[in-house]
Amino acid sequence: MALTTELTKLLGVRHPIVLAPMGGAAGGALAAAVSRAGGLGLVGGAYGDREWLARELAIVAKGTDQPWGAGFLTWAVDVGAVERALEFQPAAVMLSFGDPGPFVGRIRESGAVVMVQVTDLDEARRAVDLGADVIVAQGTESGGHGARRGRSTLPFVPLVVDLAAPVPVLAAGGIADGRGVAAALALGAAGALIGTRFQATTEALVDPSVSKAIIEGRGQDTERNSVLDIARGARWPTEKYTARTLATPTSTDGAAGKQSWPATCRPARPTRTTCHEGRFLQCRSGRARQSTSSRIYRPQPASSPPWPPKPRTH
Ligand SMILES: Cc1cc2nc3c(=O)[nH]c(=O)nc-3n(C[C@H](O)[C@H](O)[C@H](O)COP(=O)(O)O)c2cc1C
């Protein structure tokens, strides 16, 4: 059954479902598949790698005659990267994590719909002031990066809906099936933006081991941290945004995590020793290695008591 919302009317899509522009994972094939199925597929342009963009945008443009779009990390790209995407005539461009200001005018000139993903109310106000056509309210359940200190989807979406009205708002974070989409609509959203569920598909540009880990992983196996960004030497503004990853003892909590950071790492500023706050760490051996399972970041078990505690026997 097709549902008509402000989103479906604005973009001319059949279903109020948008593929999140997952950096590197949402390539042209996945975006085209979602658009062909009646949603809006967004290619994950992330850091704006020109070669990657040229390849994947050509795939989506060829792969569907339905509306599709692309998304970028605004803290990481310049206007040139967005202009490269606009050459392929996307129906929408989404901007996330950083000030969308420098990009909005150019996107609007092209005729594409401007979508802005927000993680707190200040970002939501800024998106409204800039005249975003669609605002994505991202709750902290979400996969990928999000607010270090945000609200979860259920309380956050209605706040943004009220603040942004009449601008259509999408709910993002923890939505993976029809019930989630129905819940998003009940909160006043015009649709749902979905990432993780689409990452575990054959069209996604991820190693099969990643899909397997997503399918086998349980919600309680994940947490938000900066470990991955430190390990790969990414320039993410970690004071504001953390990423959801499978948990490691290294990042589980301040006390246990502090004990389990390997000896090769030390706080960059000795006065700030909360080791799980990645921005205060640096590695003596120089640039961090790519993988969290590398020798540098493999944590030692923290010496904390077993949890849950064993029942006492009298
Ligand atoms: C693997 C992965 C990569 C992501 N990369 C981006 C990105 O590059 N740009 C962006 O705007 N959002 C990115 N996101 C966040 C999504 O836009 C969205 O907020 C999130 O996926 C929604 O939550 P869900 O994963 O529970 O569906 C990413 C999400 C995932 C899971």
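Where is Gly-150 found? In this model, which is predicted, Gly-150 sits in the loop between β7 (144-147) and α7 (153-164), and that loop makes a convenient starting point for the tour.

**First stop: Gly-150**

Select Gly-150 and display what surrounds it: the residue has 23 C-beta neighbours inside 10 Å, and because the threshold for a buried residue is 20 or more, Gly-150 counts as buried. Leaving aside neighbours within four places in sequence, the contacts of Gly-150 are Thr-119, Asp-120, Gly-139, Thr-140 and Phe-156. If you then draw a distance from Gly-150 to Thr-119, C-alpha to C-alpha, it comes to 6.5 Å, although the two are 31 residues apart in sequence.

**Second stop: the ligand**

Next, select the ligand together with the 26 residues around it, among which Gly-23, Ser-96, Gly-143, Gly-144 and Gly-195 come nearest. Colouring this shell by residue type gives 11 nonpolar, 14 polar and 1 charged. To see which elements contribute, highlight β2 (41-46), β3 (68-73), β4 (92-96), β9 (191-194) and α9 (196-199), each of which supplies at least two residues of the shell.

**Third stop: Ala-200**

From α9, move on to Ala-200, which lies in the loop between α9 and α10 (208-216). Ala-200 has 17 C-beta neighbours inside 10 Å and therefore counts as partly exposed. Not counting residues up to four places away in sequence, Ala-200 touches Ser-211, Ile-214 and Ile-215. For Ile-215, which is 15 residues from Ala-200 along the chain, the separation of the two C-alpha atoms is 7.1 Å.

**Fourth stop: helix α3**

Now select residues 50-63, the 14 residues of helix α3, whose first and last C-alpha atoms are 20 Å apart, close to the 20 Å expected at 1.5 Å a residue. Within this helix, pick out Leu-53, Glu-56, Leu-57 and Val-60, which are its buried residues. When you look down the axis of α3, these buried residues fall within an arc of 105°, so they line one face of the helix. Turning to the other side of α3, you will find Glu-51, Arg-55, Ala-58 and Lys-62, which are exposed. To see what covers the buried residues, show the surrounding elements, including α2 (28-36), β2, β3 and α4 (79-86).

**Last stop: the whole protein**

Finally, zoom out and colour by secondary structure, which comes to 12 helices and 13 strands. Of the 314 residues of the protein, 44% count as buried. Among contacts with a separation of 6 or more, 54% are accounted for by residues 24 or more positions apart.

Note on methods:
Residues numbered from 1 in each chain as written. Predicted model: local features only at pLDDT ≥ 70, side-chain atom pairs only at ≥ 80, totals over all residues. Near = placed C-beta within 6 Å. Helix = DSSP H or I, 4+ residues; strand = E, 2+ residues; numbered from the N terminus. Nonpolar A, V, L, I, M, F, W, Y, C, P; charged D, E, K, R; others polar. Expected span 1.5 Å × (residues − 1). Buried ≥ 20, exposed ≤ 12 C-beta atoms within 10 Å, placed from the backbone. Arc of directions from axis to C-beta. Contact = placed C-beta atoms within 7 Å.
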